[in-house]
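Biologist: I've got a few quick questions about this one. Let's pull it up.

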Amino acid sequence: MPEHEKIFTRIDGSRQEIIQLQEALTSRVALGPENNGSGEHAKTGYIKDLLGLLDPDVLDEYRAPDERALDGYRPNLIAKWGGDVAGPTLWVLSHSDIVPPGDISLWKSDPYQTKVEGDKIIGRGVEDNQHGFVSSYIAVKAVIESGQGFGKPVGLAVVADEETGSVYGLSYLLRHQGKLFKKDDLIIVPDGGNEEGTMIEVAEKSMLWLRFTVTGKQCHASTPHKGKNSLFGSAKLILALEKLKKQFNMYDALFSPPQSTFEPTKMEANVPNVNTIPGRNVFYMDCRILPQYSVDKVLDACRETAAEIVSELGLHIQVDTVYHEDATEPTPADAAVVKALAGAIMRVTGREAKPMGIGGGTVAAFFRREGLPAAVWSTVSDTAHQPNEYCLISSVITDAKIFACLYLDT
Ligand SMILES: [Zn+2]
């Protein structure tokens, strides 16, 4: 018990180090080719050096071939400690890549230069997913510096490509290095959670991303009768798609939010000038579907709705699936990783954590598909992908203590 307290005190003193780490990580912009970047190389290289200084038993870089990226690959890191201890490995898997800042005018500061405001560090990537890496890393460092041994083997994995499908990240590792992770390992993905740190995510919804291409006829805006306005058609279709919420309205209290979601998101640029009626308009919808529903049924409903608009307005509408991920078997609520995590959370914060389901999109689904029970957890303010994304230093410290407990306990 007093040993834990010593390590907690050490972690309490790491505010400055957290700020420095976040600054260094944020300035090494890790955007994948789909986000017009060259990859995660600079950031991963920096992390590899950091991990190397902690004298791991294993420090391997697995390069997923990707000709679009710098030097033709995407970097994935694995580091392990406690090789002398028996038992299953406790893994913490975070991702190095980020999403672009989005509309830069919405940022109050440079997204790639961290700004500290009291307990907040602001910058792109500080929460998603540097919070996860920094807290798990600080904990490894504190345990090592304390001179205490690990209670179990501990692994940190830092993967690429989480934001754009994981083909060159975790999915690559599982396909090519399948023996790294074992069925009785405890796998934590600190890439989601709530502000209290009480949400242990064990289940995800199915994901369906759709592209709607609405084709009409371009013409001068002063003579609309000579064309067919594809933007107007898109607007009608977006409103008509609202009925999906009624059609698929089941509630499941395990999930937050407890129902399926259907949100229009991205729209591609159409015409460059105000006085032209666009002949073609493309928009996208992000659907998160409760596992009780079949994704194909949702797709059918979208096509039917599009057909109604087609017959009403005489446009052409094509519906394409750009991404589809069926919900996996959930991690059991009484899985070893859930129990260990809940115990450590209780010990550090006195709070009772609860297994829950979310909208999906974390890499935990890839583990679950392989029969590896993974839990998604962290103490976050949910500012991922938003302008002025931030993390709380106090939450990084809390999470580091929770990881330290997990590393120390046998
Ligand atoms: Zn993330």
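Modeller: Sure, where do you want to start?
Biologist: Which residue follows H4, and is its phi positive or negative?
Modeller: Gly147 follows H4, and its phi is positive, near 80°. Helices (H or I, at least four residues) and strands (E, at least two) are DSSP runs, numbered from the N terminus. Keep in mind it's a predicted model, where local features need pLDDT of at least 70, side-chain atom pairs need 80 or more, and totals for chains, interfaces and linings use all residues. Residues are numbered from 1 along each chain as its sequence is written, and side-chain values use heavy atoms, without hydrogens or water.
Biologist: And is helix H4 itself largely enclosed or open?
Modeller: Largely enclosed by the rest of the structure, because 18 of its 21 residues (126-146) are buried (under 20% relative accessible area, 1.4 Å probe, protein chains only).
Biologist: New topic: what coordinates the zinc ion?
Modeller: His95 through NE2, Asp128 through OD, and Asp191 through OD twice, at 1.8 to 2.4 Å. Donors are N, O and S atoms within 2.8 Å of the metal (3.2 Å for Na, K and Ca), and sites may look incomplete as water isn't included.
Biologist: Where do His95 and Asp128 sit in the chain?
Modeller: They link distant parts of it: His95 is in strand E3 (residues 90-95) and Asp128 in helix H4, 33 residues apart.
Biologist: Are those two buried or exposed?
Modeller: His95 has 5% relative accessibility, so it counts as buried. Asp128 is at 7%, so that one counts as buried too.
Biologist: How are the zinc donors spaced in sequence?
Modeller: The pattern is H-x32-D-x62-D.

Key. Buried < 20%, exposed > 50% of the residue type's maximum accessible area, 1.4 Å probe, protein only.
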